[in-house]
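The following exercises concern salt bridges and the exposure of the residues that form them. Each task is followed by a worked solution.

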Amino acid sequence: MSGYINLGNSYFSMSELNEAHEAYGLGHKIAKEKLNKNFIAKFLSGLGIVAFSEGRLEEARVSFESALEEQGNIKDTFGEGLTLNNLGLLLFQKNDFPSSIEYFEESIKRSDQA
């Protein structure tokens, strides 16, 4: 499954967002079939980042929140920190600065616990 993460990351780095979305989506499907919560969370985060980059903020929010839930289930505090930061960036993009600050502060706390 890490091949799909790397493939998605590579496409994303080249700004080929449709291909990145497809790679993350395929990987997510396989991770769900194999019940691999760690990779489920990683693919959800990747899908959220692509959606965020394309301005689909509601879709990004849903992906990030789903990733955060999976990360909480497996006690991945480092992953939670990254995802909380992404949610903070999303809220910052929406000009909801007080909420974005809350997410950034919680991101720092989680990352420090990792």
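**Exercise 1.** Is K37 buried, partly exposed or exposed?

*Solution.* The model is predicted: local features need pLDDT of at least 70, side-chain atom pairs count only at pLDDT 80 or more, and totals for chains, interfaces and linings use all residues. Residues are numbered from 1 along each chain as its sequence is written, and side-chain values use heavy atoms, with hydrogens and water left out. Buried means under 20% relative accessible area, exposed over 50%, and partly exposed in between (1.4 Å probe, protein chains only). K37 has a relative accessible area of 38% and is partly exposed.

**Exercise 2.** Determine which parts the salt bridge of K37 and E70 ties together.

*Solution.* A salt bridge requires a side-chain nitrogen of Lys or Arg within 4 Å of a carboxyl oxygen of Asp or Glu. For K37 and E70 the N to O distance is 3.9 Å. Helices are DSSP runs (H or I, at least four residues), numbered from the N terminus. K37 lies in helix α3 (residues 37–53) and E70 in helix α4 (residues 57–73), so the pair joins parts 33 residues apart in sequence. E70, at 16% relative accessibility, is buried.

**Exercise 3.** Characterise the salt bridge between E58 and R61.

*Solution.* The closest N and O atoms of this pair are 2.2 Å apart. Both residues belong to helix α4, three residues apart, about one turn of the helix. E58 is partly exposed at 43%, and R61 is partly exposed at 24%. Elsewhere, salt bridges that share partners join E54, R56 and E59 into one network.

Conventions:
Helix = DSSP H or I, 4+ residues; strand = E, 2+ residues; numbered from the N terminus.
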